[in-house]
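Visitor: I would like to learn how to read a structure such as this one, feature by feature. Could you show me the model and then take me through it slowly?

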Amino acid sequence: MAAAIVNEHLPTPLDATSEQPPLFDGTTRLYVSYTCPFAQRVWILRNYKGLHDKIKLVPIDLQNRPAWYKERVYHENKVPSLEHNGKVIGESLDLIKYVDSNFEGPSLQPNDPAKKEFAEELITYSDTFNKIVFTSFKGDTVKEAGPAFDHLENALHKFNDGPFFLGHELSLVDIAYIPFVEKFQAFLSGVWNYDITAGRPKLTKWIEEVNKIDAYKPTKADPKVIVEMFSARFLAKH
Ligand SMILES: N[C@@H](CCC(=O)N[C@@H](CS)C(=O)NCC(=O)O)C(=O)O
C-alpha cells in the first residue's frame with residue numbers, strides 16, 4: 001500500500017547566497033534539483049514510502065550552486081545525495097536501493113527470484129537506455145532513440161499480471177525509468193514531433209498508470225521547461 005497523499009510545500013532551492021543547512025545534526029537530508037531526473041528517482045521513492053517527515057528535501061540551484069555543497073556536503077558536486085547516519089552518499093541507482101532497504105514503508109524490491117533477476121537486468125540497462133537516447137539528440141534522433149523505447153516495450157511484455165515492469169506491483173525498476181521517460185517524451189515530442197507511445201501499447205499503458213501514482217505527481221517537471229532546458233543543453237551548437 002502506498003502512503004497517504006501528502007500535499008507538501010516544496011522549499012525554494014538553495015543558491016550561492018544561501019547558508020548551508022547544519023550537517024550531521026541527526027536530520028536525514030536528500031539534496032536534489034527539482035528538474036534532475038536522477039534526483040527524481042530518489043524523491044519519488046521517498047514520497048512513495050511515506051518518508052516526507054523522515055527525509056528532508058533540500059533543493060539546490062545547480063545553475064548558481066552554493067560552494068559549500070561541493071566543499072562540505074558532496075565532493076562529486078552532483079545531485080542527488082543523501083545525508084544519513086553521519087555520511088553523505090550519492091548515485092541515484094545505489095540510493096534507491098539504499099533508501100528502500102534502510103527505511104520503513106512498502107518494499108519496492110521483489111522476493112520472487114525471476115522478478116529479482118529481471119529487476120537487476122533492467123536497472124542495469126537503464127544507464128544504457130539513457131545513453132542511447134541522450135546520444136541520439138546529437139545524431140539521427142528518431143532512428144537512434146526508437147530501439148531504446150522498443151526495448152522497454154518488450155520488457156513490459158515479460159510479466160503480464162499488471163502494467164508495471166515486474167507486473168502488478170510498482171518496483172524500483174519503474175522508479176528508475178519514469179523520470180527519464182517523462183523527460184525524453186517531452187523533448188522528443190516537442191522538438192521532433194515524435195510520439196514515443198505510438199505503436200507501443202505497453203509503454204502507453206505504463207506511462208498512464210505511473211501518472212496515477214500520487215508519489216510521482218509532485219515530482220513531475222513542466223514539459224515546456226524540459227524542452228527549453230534540453231534544447232539549450234543538446235541543441236545549442238546545431
Ligand atoms: N550518476 C549520477 C548522475 C547524477 C547527475 O549527473 N546529476 C546532475 C543533475 S541531473 C548533476 O548534479 N550535475 C551537476 C554537475 O555534473 O556538475 C546519479 O545517478 O546520481
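Guide: Let us begin with one term: a polar contact is a pair of N or O atoms within 3.5 Å, and within protein one atom must be able to donate a hydrogen and the other to accept it. In this model, which is predicted, the side chain of Tyr69 makes such a polar contact with the side chain of Ser81, at 2.9 Å.

Visitor: How much confidence does the predictor place in the model, and what are its ipTM and pTM?

Guide: The pLDDT of the protein averages 96, and 97% of the residues score at least 70. For the model, ipTM is 0.98 and pTM is 0.97.

Visitor: Let us stay with Tyr69. Where does Tyr69 lie, and is Tyr69 buried or exposed?

Guide: A residue counts as buried when its relative accessible area is under 20%. Tyr69 belongs to helix 2, which spans residues 67-73, and because its relative accessible area is 0%, Tyr69 is buried.

Visitor: Which residues does Tyr69 touch, if those up to four places away in sequence are not counted?

Guide: Its contacts are with Tyr31, Ile60, Tyr74, Asn77, Lys78, Val79 and Ser81, and to the last of these, Ser81, the side chain of Tyr69 also makes the 2.9 Å polar contact. Distance along the chain and distance in space are separate readings, and for Tyr69 and Gly50, 19 residues apart along the chain, the C-alpha atoms are separated by 26 Å.

Visitor: Which residues surround the ligand?

Guide: Around the ligand are Cys36, Phe38, Leu62, Arg65, Asn77, Lys78, Val79, Pro80, Glu91 and Ser92. Among them, Asn77, Lys78 and Val79 are also residues that Tyr69 touches.

Visitor: Which polar atoms of the protein lie 2.9 Å or 2.7 Å from atoms of the ligand?

Guide: It helps to ask, for each pair, whether the protein atom comes from the side chain or from the backbone. An N or O atom in the side chain of Arg65 is 2.9 Å from an oxygen atom of the ligand, while Val79 places a backbone N or O atom 2.9 Å from a nitrogen atom of the ligand. Ser92 has a polar side-chain atom 2.7 Å from an oxygen atom of the ligand. On its own, the ligand has 510 Å² of accessible area, of which the protein covers 71%.

Visitor: Ser92 brings me to helix 3. Which residues of helix 3 are buried, and what do they pack against?

Guide: For a helix, one lists the buried residues and then the elements that they contact. In helix 3, residues 92-102, the buried residues are Ser92, Leu93, Leu95, Ile96, Tyr98, Val99 and Asp100. These buried residues pack against helix 1, strand 2, strand 3 (81-84), strand 4 (87-90), helix 4 (113-136) and helix 6 (172-192).

Visitor: What does Leu95 of helix 3 touch?

Guide: Leu95 is buried, since its relative accessible area is 0%, and beyond residues up to four places away in sequence it touches Val42, Pro80, Ser81, Leu82, Ile89 and Gly90. Leu95 and Phe38 are 57 residues apart in sequence, yet their C-alpha atoms are 10.0 Å apart in space.

Visitor: Is Asn130 of helix 4 buried or exposed?

Guide: Asn130, in helix 4, has a relative accessible area of 5% and is therefore buried. Leaving aside neighbours within four places in sequence, Asn130 is in contact with Arg41, Phe180 and Phe184.

Visitor: And how should I read a loop residue such as His52?

Guide: The same kinds of reading apply. His52 is in the loop between helix 1 (37-48) and strand 2 (55-59), and counts as buried because its relative accessibility is 15%. The side chain of His52 makes a polar contact of 3.5 Å with the side chain of Asn47, and its contacts beyond four places in sequence are Val6, Glu8, Arg46 and Asn47.

Visitor: Why does Glu228 count as exposed?

Guide: Exposed means over 50% relative accessible area, and Glu228, which lies in helix 8 (residues 223-235), counts as exposed because its relative accessibility is 56%.

Visitor: Finally, which domains does UniProt list?

Guide: The unreviewed UniProt entry gives "domain: GST N-terminal" for residues 26-107 and "domain: GST C-terminal" for residues 100-235. Residues 26-107 are 37% helix and 22% strand, whereas residues 100-235 are 63% helix and 0% strand.

Key
Residues are numbered from 1 along each chain as its sequence is written. This is a predicted model: local features need pLDDT of at least 70, side-chain atom pairs count only at pLDDT 80 or more; totals for chains, interfaces and linings use all residues. Side-chain values use heavy atoms; hydrogens and water are left out. UniProt positions are given in the numbering used here, feature names are shortened, and annotations may be inferred rather than shown by experiment. Helices (H or I, at least four residues) and strands (E, at least two) are DSSP runs, numbered from the N terminus. Buried means under 20% relative accessible area, exposed over 50%, partly exposed in between (1.4 Å probe, protein chains only). Contact means heavy atoms within 4.5 Å. pLDDT is the predictor's confidence in each residue, from 0 to 100. A residue is near a molecule or strand if one of its heavy atoms lies within 4 Å of it. Accessible areas come from the Shrake-Rupley method with a 1.4 Å probe; for residues, only the protein chains shown count as cover.
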